[in-house]
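Hi everyone, thanks for making time for this one. I'd like to walk you through a structure, so let me put it up on the screen and we can look together.

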Amino acid sequence: KSPEHRAHSLQHVPSHVGPMRAARAAKDLQEVVLVFSSTLEEAALLEGTNFSVDYVLNIMTPFMRLVCKEVLSEQPQNPSDHMASFLLEQCGAPESLMKQVMAWKCSGTGVFNPLV
């Protein structure tokens, strides 16, 4: 991206974030995209796999957008348990199951954050 594009992008960053932190976040996100991209390339090259570009485009990309949008908008302390309950809810899990999941999350017992 051009320096002008980067400068324009940083204009939309809230003032409390600061350009250095925003640049770091953008760099980290680029690394995630590169890892995802290389994983897709590796899967496509493996013989005998049912790799499908259509699956990535039509299923995985919208799913990743949904997950990213939810985590970024809610910014939960533990994105893993948040996404577990969010995805169950999106799938139409029974209310009784959702109550159990919420009780488990609220109890804090056996709730781990794999990202820490």
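Let me begin on the surface, where Leu 29, Val 32 and Val 33 make a nonpolar patch of about 280 Å². Before going further, please keep in mind that this is a predicted model.

Take Leu 29 from that patch. Leu 29 sits in helix 2. Is Leu 29 buried or exposed? Leu 29 is exposed, because its relative accessible area of 53% is over the 50% cut-off.

Now let's step back to the whole fold. The protein has five helices and zero strands, and along the sequence the pattern reads α-α-α-α-α. How much of the protein counts as buried? Of its 116 residues, 15% do.

Next, the pocket. The largest pocket has a volume of about 830 Å³. Fourteen, written 14 on my slide, is the number of residues lining the largest pocket, and the closest to its centre are Leu 29, Val 32, Cys 68, Val 71 and Leu 72. You'll recognise two names there: Leu 29 and Val 32 also belong to the nonpolar surface patch.

Where does the lining come from? Helix 2, residues 19-45, and helix 3, residues 53-74, each supply at least two residues of the lining of the largest pocket. Which helix gives the largest share? That is helix 3, with seven residues. As for the chemistry, the lining of the largest pocket divides into ten nonpolar residues, two polar and two charged.

On to the charged pairs. The count of salt bridges comes to three, and I'll take them in sequence order.

One of them joins Arg 24 and Asp 28, whose side chains meet at 3.1 Å, N to O. Both residues are in helix 2, and because they are four residues apart there, about one helical turn separates Asp 28 from Arg 24. How covered are the two partners? Arg 24 counts as exposed, because its relative accessibility is 54% and the cut-off is over 50%. Asp 28, at 30% relative accessibility, counts as partly exposed.

Another salt bridge is formed by Lys 27 with Glu 31, and here the closest N and O atoms are 2.9 Å apart. What separates Lys 27 and Glu 31 along helix 2? Again the answer is about one helical turn, because the two are four residues apart in that helix. Lys 27 is partly exposed, with a relative accessible area of 48%. Glu 31 is partly exposed too, with a relative accessible area of 40%.

For the remaining pair we move to helix 5, residues 95-107, where Glu 95 and Lys 99 lie four residues apart, about one turn of the helix. Glu 95 forms a salt bridge with Lys 99, with 3.5 Å between the closest N and O atoms. Both of these residues are exposed; for Lys 99 the relative accessibility is 56%.

While we're on Lys 99, have a look across to Ser 85. How far apart are Lys 99 and Ser 85 in sequence and in space? They are 14 residues apart in sequence and 10.0 Å apart in space, C-alpha to C-alpha.

I've saved a backbone detail for the end. Most residues other than glycine have a negative phi. Gln 75 is not a glycine, yet it has a positive phi of about 45°. Where is Gln 75? Gln 75 lies in the loop between helix 3 and helix 4, the latter running over residues 79-90. Gln 75 is also exposed, because its relative accessible area of 63% is over 50%.

So, to leave you with a picture: five helices and zero strands, a largest pocket with helix 3 giving the largest share of its lining, and three salt bridges. In the loop between helix 3 and helix 4 sits Gln 75, with its positive phi. Thanks for listening, and I'm happy to take your questions.

Conventions:
Residues are numbered from 1 along each chain as its sequence is written. This is a predicted model: local features need pLDDT of at least 70, side-chain atom pairs count only at pLDDT 80 or more; totals for chains, interfaces and linings use all residues. Side-chain values use heavy atoms; hydrogens and water are left out. On a 1 Å grid over the protein atoms alone, a cavity is a set of points where a 1.4 Å probe fits but cannot get out, and a pocket is an open set with protein on both sides within 12 Å along at least five of seven lines; lining residues have an atom within 4 Å of a point. Grid points are joined across faces, edges and corners, and a volume is the space filled by probe spheres set on the points. Ala, Val, Leu, Ile, Met, Phe, Trp, Tyr, Cys and Pro count as nonpolar, Asp, Glu, Lys and Arg as charged, and the others, Gly among them, as polar. Patches are made of residues with over 30% relative accessible area and no salt bridge: like charges are joined within 9 Å, nonpolar side chains (Val, Leu, Ile, Met, Phe, Trp, Tyr) within 5 Å. Accessible areas come from the Shrake-Rupley method with a 1.4 Å probe; for residues, only the protein chains shown count as cover. A salt bridge is a side-chain nitrogen of Lys or Arg within 4 Å of a carboxyl oxygen of Asp or Glu. Buried means under 20% relative accessible area, exposed over 50%, partly exposed in between (1.4 Å probe, protein chains only).
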